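Me: Please take a close look at one part of this structure, the place where the ligands sit, and go through it step by step. I am in my first year, so plain wording would help.

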Amino acid sequence: MIAISLPRLTSRINALARFGALPGGGVTRSCWSAPHEEARAWLLGEMRAAGLATWVDPAGNTFGSLGARALSPETPAVLTGSHIDTVPEGGVLDGALGVLAGLECLQVVRETNTPHAKPLAVAAWSDEEGRYGSLFGSRAFCGLLEGNVDEMAAPDGTRLVDAMAHAGFDARRAADARTPKGAVSSYVELHIEQGPRLEEAGIPIGVVEAIVGVRRSRVVFVGQADHAGTTPMERRRDAFLAGADYALRAREHVVTRGSSVSVTNIGVVRVHPGASNIVPGRAELLHEMRDPDPGVLERLAKECAALAHDVARTHRLAVELYPISATTPAQCSARVQATIEKACAKLGLATRRLYSAAGHDAQNLARVGDAGMIFIPSQGGRSHRVDEMSDPAAIQRGANVLLHTLLALADGA
Ligand code: GLV
Ligand code: MN
Ligand code: MN
């Protein structure tokens, strides 16, 4: 039976991990940064050496294909992929696995002259991690880019237009990456689970049923900077304390009033002017909420906005709310799920259907074709941290499931 080469896939995972490698392990490879652009050049070289036709679209999505140097509705393609950008201090598999396993599958198909009625292609989508904009590249590809790219910026204030210009791209042209209608027949992405469910259940393969929606907003409390020694405690309008109160109350609200799978996180906090002897005049929080049900997300977002105003009143200061992004939750295609399960049955692998609480490009691809995802267990359920890892045998199983799923989809499953 046709199979991927684990040594070749592992050596590529290790090679990609060198771009943005951190001294203590793990990697920081933000989209458009120098390590990311060096990784992109390396990936294009690997794709070409494997005999793929390659191209990069105006949103920076990087493609390799066993066929023409473009996707076309005349010959709808079976697409796979993931991303090569990482979170700060991230691991070496989140995203990288799906791109490199996709490349490996296409290389094996080519080397073995395995017939496939539909063209096969692999994509590395830009800024999946949303440093500048959530799932940016796949949104552009799927015609879902909304809002003004001039207003998109990283948490440190770097503007997307400048970051992309530095990498040789024009952000204002990113929407031109939109794929022609009908060019994608199906999309299947291999990814680490990033949570503990598969490992704890002893199940080698997860078949994703649905993918979470994520809402991010900037919550800014504006109080009054004051001398931290001389201002009587009762007169202070401390913006940080309002932010801290909001963080606790928003968490409590989402836990008690959200669905059983709603989650919330405040991952960035900035206090201004930021000196130990000044009462903070301004506190800025990046607040994120997740749920698979868009109605629940919408309600929680409204309720948390009301909560922010209530906190501001209690602390006698002002609050400003700025929506940053909202990704759409998605159901995976029944056809793709069934095809993955058939491939697993052929390979003798047990499966479990599960819901993805992490966002993925597949949720955008679900808007232009039939989309699905294959998960493999993550050691200890760890992800978005430097010690994120999966067993080599798990990687091999996942890549072989991807290979057989792609071939079945390309033959009209
Ligand atoms: C992607 O990794 C996410 O933040 O869910
Ligand atoms: Mn991630
Ligand atoms: Mn990912």
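Reply:
**The ligand site**

In this predicted model, an oxygen atom of ligand 1 has a polar side-chain atom of Glu129 at 3.0 Å. Two further polar side-chain atoms can be listed with it. One belongs to Arg290, 2.7 Å from an oxygen atom of ligand 1. The other is an N or O atom in the side chain of His384, 3.0 Å from an oxygen atom of ligand 1. The residues around ligand 1 are these three together with Glu128, Arg216, Ala358 and Gly359.

Glu129 and His384 appear again when we turn to the metals. Both are among the protein donors of the manganese ion (ligand 2). Asp94 donates through OD, Glu129 is listed twice with OE, and His384 donates through NE2. These donors lie 2.0 to 2.7 Å from the manganese ion (ligand 2). Along the chain, the donors follow the spacing D-x34-E-x254-H. Asp94 lies in the loop between β3 (77-82) and α3 (96-111), while Glu129 lies in the loop between β4 (120-124) and α4 (136-141), so the pair ties together parts that are 35 residues apart in sequence.

How exposed or buried are these two residues? Residues under 20% relative accessible area count as buried. Asp94 has 5% relative accessibility, so it counts as buried. Glu129 has a relative accessible area of 16%, so Glu129 is buried too.

The next metal is the manganese ion (ligand 3). Its protein donors are His83 (NE2), Asp94 (OD) and His191 (NE2), at 2.0 to 2.2 Å from the ion. Here the spacing along the chain reads H-x10-D-x96-H. Asp94 and His191 link distant parts of the chain: Asp94 is in the loop between β3 and α3, and His191 is in strand β5 (residues 184-192), 97 residues apart. His191 has a relative accessible area of 1%, so His191 is buried.

Which residue is shared by the two manganese sites? Asp94 bridges the manganese ion (ligand 2) and the manganese ion (ligand 3). The two ions lie 3.7 Å apart.

The site can now be put together from its residues. Asp94 connects the two manganese ions. Glu129 and His384 are donors to the manganese ion (ligand 2), and each is also among the residues around ligand 1. Glu129 places a polar side-chain atom 3.0 Å from an oxygen atom of ligand 1, and for His384 the distance from an N or O side-chain atom to an oxygen atom of ligand 1 is 3.0 Å. His83 and His191 are donors to the manganese ion (ligand 3).

One further item concerns empty space inside the protein. The count comes to 1 cavity of 30 Å³ or more, with a volume of about 40 Å³ for the largest cavity. Its lining includes His36, Arg40, Leu43, Ile84 and Trp125. Helix α2 (residues 34-49) gives the largest share of this lining, 3 residues. By class, the lining has 4 nonpolar, 4 polar and 1 charged residues. Ala39 also lies in helix α2, and at 0% relative accessibility Ala39 counts as buried.

Technical notes:
Residues are numbered from 1 along each chain as its sequence is written. Chains are lettered from A and ligands numbered from 1 in the order in which they are written. This is a predicted model: local features need pLDDT of at least 70, side-chain atom pairs count only at pLDDT 80 or more; totals for chains, interfaces and linings use all residues. Side-chain values use heavy atoms; hydrogens and water are left out. On a 1 Å grid over the protein atoms alone, a cavity is a set of points where a 1.4 Å probe fits but cannot get out, and a pocket is an open set with protein on both sides within 12 Å along at least five of seven lines; lining residues have an atom within 4 Å of a point. Grid points are joined across faces, edges and corners, and a volume is the space filled by probe spheres set on the points. Helices (H or I, at least four residues) and strands (E, at least two) are DSSP runs, numbered from the N terminus. Ala, Val, Leu, Ile, Met, Phe, Trp, Tyr, Cys and Pro count as nonpolar, Asp, Glu, Lys and Arg as charged, and the others, Gly among them, as polar. Donors are N, O and S atoms within 2.8 Å of the metal (3.2 Å for Na, K and Ca); water is not among the atoms, so sites may look incomplete. Buried means under 20% relative accessible area, exposed over 50%, partly exposed in between (1.4 Å probe, protein chains only). A residue is near a molecule or strand if one of its heavy atoms lies within 4 Å of it. A polar contact is a pair of N or O atoms within 3.5 Å; within protein, one must be able to donate a hydrogen and the other to accept it, and residues adjacent in sequence count only if both atoms are side-chain atoms.
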